[in-house]
Amino acid sequence: MNEKYHPKEIEQKWQKHWADEKTFEVTEDPARKKFYCLEMLAYTSGRAHIGHVSNFAIGDALSWYKRMRGFNVLHPFGWDAFGQPAETAAIKDGTNPEKFTRDAIAYMKWQFQRMGISYDWSREIASCDPEYYKWNQWFFIRMWERGMLYRKLAPVNWCPKENISLSNEQARDGKCWRCGAEVTQKELMQWFARITDYAEELLDGLDALGDGWPERVATMQRNWIGRSRGAEVRFEIADTDQSVTVFTTRIDTIFGANAIILAPEHPLLAPLVEGKPQRDEVLRFAERIKQQQRGARSLEGVEKEGIFTGGWAINPFNQERLPVWIANFVLIEYGTGAIMSVPAGDGRDFEFSRKYHLPFRQIKLTEDGREIPPDEMEVADEEWTTTVNTGEWSNLPAEEANRQMTEYAEAQGFGRGSITYKLRDWGISRQRYWGTPVPMIHCEQCGIVAVPDDQLPVVLPENVNLEVEGGSPLNHVLEFVNVACPKCGGAARRDTDTMDTFVDSNWYYFRYCDPHNAEAPFDPEKVAYWMPVDQYIGGIEHAVLHLIYTRYWTKVMRDMGLVKFDEPVTRLLTQGMICKETYWCPNHEWLFPEQVTEENTCSICGRPATVGRVEKMSKSRKNAVDPIEMIGIHGADALRLFVLFAGPPEKDKEWSDTGFEGAARYLQRVWRIAYKWHASITQSSEDESIEMTELADYQRRLRRRTHQIVRAITENFEERLHLNTCISSLMELTNEIYLFDQAADKNGGPAESDIRVAREAFEALIRMLTPFAPHIAEEMWESLGHAESLAHTEWPGYSDELAREEEIEVPVKVNGKLRSRLFVSHDTSDTELERAALADEKVQAAIKKEKAAIGGDPEVKTRIIRLHNDGPPKLVDIVVKRLVLCRTYR
C-alpha cells in the first residue's frame, strides 16, 4: 500500500480488474435471491453532467450493498437513443442523427465507465439498434391484431411554409423553430393506443403499490388519469334534430345551469352556426382559440373568452332554453367536450357569466340558511351539500339528490350514470425520421396490412434529407415508401410515421433480462426470475408519462401472455436535481461564467447580468459541470461521495466546489489512517477472538461504536436509503478510529489486542465505504491481505449486545423541568432507577421546593419512560401534586 493516495491510478486499476474479471455480469440463479436495481434509461444528449452522476451513484450504492448482502444483483444500462433532439442537432450541424447519437453514446459510456459504476455492460442496449426496435414493431403488430391500436384524424402543430408537422418544443411561442412562420393546427391521420381501456386498472393499481412508490407520484398519476363519477345528460338543440351531451359530477345542480359551453373543436359547432348571421365570426373565434398553444388552454388563471353561437339548448329537467356558447376553457379532451355552466357553485362559470352578463339562478343557501340573490354574489360557493330551487329534489342531501336525479334521467331516457376520465388514448405516431418506423403498409385493395414478422425489422433508410418540405422526411424516400402489398402483391405504400420514443422506454428493462434474444422480445422464464424491478430510480418529471405508459405496457404484455404480473416496479425513488448558480443576460440569455465580467455585466453586450440564481444543472442553462473534469481533479470516488453526501436522494442538492474538496479530504484521511495500520493488521493473526472483558476502555469504545455504526448504516440501507446519513456515520467511525489510534499510541504503540480491535473496525469501515467509493475501498481491502474483490465479500454484521452502551444517560424531570441526569447501566431496573432518582440531591431539593409551593402534604409520583418495553430508559418523570379528596353528596 502506497503512503500517498493516488485516485487516478487506483481507479484505473480497479476498473480494469472489474472489466477483465466480468465482476458485475450475472445470470439467473434460482438458488439465490435476486435484486434488480435500475436507473432510468439515459438520453443520448451528447455529454453527461453531474446530475447524471447523482442519479446513477444512488443506484450503484444500493447495488453494491445488495451484492454484499448476498443478492444476485442485476444492474444494467442502456440508451434512449431515438428522438427529436438528435434529429434537430443533426439538422443544425449538417450531420445525420445516427452519427450524432453513436458519437454521444461512445462519449457518455466512457464517462460512466470512468465513474466506475458497477453496470453489467454485457446487457447494454440502444433503442436505435434494429435488433431492439424490431420488437417495438413486433409489439405494434400484435397490438394492432388485438384491436389495441387504431388510426384517426388528430390535430398537430403545422408549419404552413415548410409544410411539416412540429412538436410542441418546435412550435414554442407559436412560431416554427426553423423559419419563424406562424404555426397552425392541422388534422393528420395518427396512430393511437387504447390506454383508456386500462384506465380503471391503472388507477386501482396505485393502491397495490402502497409505500413502495412516493405518494407524490401516485397523486400525480391519479390526477392525470382523472376518474370522475357522475352522469351524462343529453340536451336537445332547439329547432333542430340535434343534441349535445354533457358530463357532470353534480347533476343536482342542473336547475342552476345558465348556458351550455362547447370546446372550439366540438363537432356540433359547424352545424349549429350554419345559416346564422354570426357564423363567420364564431368560426373565426373558434379557429383562433384552436391555434393557441394547446398546453396554455389547460392552465389555471387563463382569462376566460367566449362567444355566443346563436343556438339554444333545452334543459331536460325544466325545459328552460339555455344559450350555447364556445369558450377557451372547455377542452375537447375532457369529458364530452361540453359543459353546463352553473355559476352559483363554480368559480370558473361565475367569472365567465359575470364577464358576459349571463343571468343565473341561485341554487344554494348560506350556512345560516339564507338565500343570497345572484346579483349580490361576489364569488361562487363551491362547498355546499344541499341545493334549493331544484324542483322536487330541493333540500335533499347532495348524494341522495344526485342518485335520484340520475335515476330520473335514466328513466326518462335523456341521461345515465357515467364514469369519465381525463386520460385520453395515447397518440404514438410522429412525423419525424429518427424513430422506430411504423410497420404497416397501406394498400388500395387490402387497406392497412401489417408487415410480416419475417420481414422485421423495417429498418430506417440511411442518408435521408431531413430538411425537405412536406410531411415526414421518410415520405420523400421512394425506395423506402413504395413496396408490394404482403397480402395481394399489388403496389402499396409504407406508413411513414415513426413511433413516439416512449414506446422505446416502455419495456427496455424487460429486454435487459434477455438482451440478445433474436427470436422473441425476451424469454418469459428469464423475466419471471428478474422482474419486477426491485428499485427504480429517476426524475419526478417522468411521473405521469413514462411511469404511466410503462405500467400500461406491462399490462398489455400480461394480456398477451408474456408476463404473469401486473406492475413492473416494486419500489420507486424520484431523485432530486443537482443545482448550480447561473448567469443570465437579457440579450443573450444563459451565459457561461467566463462570459460575465468582474462588474457582473455580460461580456458580449455589456448589459447587467443576473448572477447567482440557483437553477437545475443543465447544458441549456450553461451551468453543467463535466464529471470528467472533476474526476481529473479529485477522482471518481470523491465525486460519487460528494453527490451522495450533499443531501437525501429525493431532495434537490446544490453543487459546491468546497463540498467536493471536502469529500476528497475525507478519503485522504481514511487512506492515511489505513496506511498507518495496514502493516500491523496484515502481520497479525486473524484467528483470535476478542473478549470485551479483556479490553481497555478505549478499545471497548471502538468496538461498541463499530457495531453501532454497522447497525445504523445497515438499517438505513434497508429502511430509508438516506445515503447522506450513511456517509455521516462513516465519518463518525473514522473519527473514532483516529481517537483509538491516539489512545493506542499513548500506551506505547499497538498491542495485539489493539490490532484485533483495529482489524474489526477497519474491515467494517472499508466494506461500508464500498457502495460510496468502491475504488479506494477495493485498494484498501487488498492492502489488508484479502485476495477476493469486495463484490464477493459479505457486508459486515453487528451484535446488538456489543452495540449496547455500557452506561447510559437518563434525564430526570420534576414537574416538567429538567433537574438532574443519572448515569446507569443499560439493564438497570425501573425500581433501581426510581430509587437512584429520588436519592439524587438535586432531585430532592427540587421536590422539597415544589412541596413548599403547593403546601399541605402533596403526593410524589415517579414514572419511568422507555421507547419500548425492553428498550433502554429515556426519562425519569417525577410529578409533585396536591392530593385531591373526593366527597360524595347525597
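How many bridges pair β2 with strand β4 (residues 78–80), and in which sense, parallel or antiparallel? Two bridges do the job, and the sense is parallel. Everything shown here comes from a predicted model.

**View 1. The whole chain, before zooming in.** We start with the 890 residues of the protein chain, 54% of which count as buried. Its secondary structure comes to 26 helices and 32 strands. Boxed along the principal axes, the C-alpha atoms take up roughly 105 × 100 × 65 Å. The chain exposes about 41,300 Å², with carbon and sulfur atoms supplying 47% of that area. Looking just at contacts with a separation of 6 or more, 72% link residues 24 or more positions apart.

**View 2. A three-stranded open sheet with parallel pairing.** Read across the sheet, the order is β2-β4-β5. β2 (42–43) and β5 (125–126) are the edge strands, each with a single partner, so one side of each has no neighbour in the sheet. Pick out Ala42 and look across to β4: its bridge partner there is Trp79. If you're following side chains, remember that in a regular strand they alternate between the two faces of the sheet.

**View 3. Strand β21 and its two antiparallel partners.** On one hand, β21 (residues 491–494) is joined by three bridges to strand β18 (residues 440–443), and the two run antiparallel. On the other, β21 pairs with strand β20 (residues 482–484), again antiparallel and over three bridges. Arg493 is a handy residue to centre on: His442 stands opposite Arg493, and so does Asn482.

**View 4. The hairpin turn between β20 and β21.** How many residues lie between the two strands of this hairpin? Six residues separate β20 from β21. One to click on is Gly489 in the turn, which has a positive phi of about 85°.

**View 5. Helix α18 crossing helix α21.** Here, α18 (residues 636–645) meets α21 (residues 723–746), with the axes coming within 7 Å and crossing at roughly 115°. From α18, the contact is made by Leu641, Leu644 and Phe645, while α21 brings Leu723, Asn724, Ile727, Ser728 and Met731. Sorted by class, that's six nonpolar residues, two polar ones and no charged ones.

Conventions. Residues are numbered from 1 along each chain as its sequence is written. This is a predicted model: local features need pLDDT of at least 70, side-chain atom pairs count only at pLDDT 80 or more; totals for chains, interfaces and linings use all residues. Side-chain values use heavy atoms; hydrogens and water are left out. Two strands pair if DSSP finds at least two bridges between them. Helices (H or I, at least four residues) and strands (E, at least two) are DSSP runs, numbered from the N terminus. Axes are lines fitted to C-alpha atoms, for helices over the stretch in contact, and angles run from 0 to 180 degrees between N-to-C directions. Contact means heavy atoms within 4.5 Å. Ala, Val, Leu, Ile, Met, Phe, Trp, Tyr, Cys and Pro count as nonpolar, Asp, Glu, Lys and Arg as charged, and the others, Gly among them, as polar. Buried means under 20% relative accessible area, exposed over 50%, partly exposed in between (1.4 Å probe, protein chains only). Accessible areas come from the Shrake-Rupley method with a 1.4 Å probe; for residues, only the protein chains shown count as cover.
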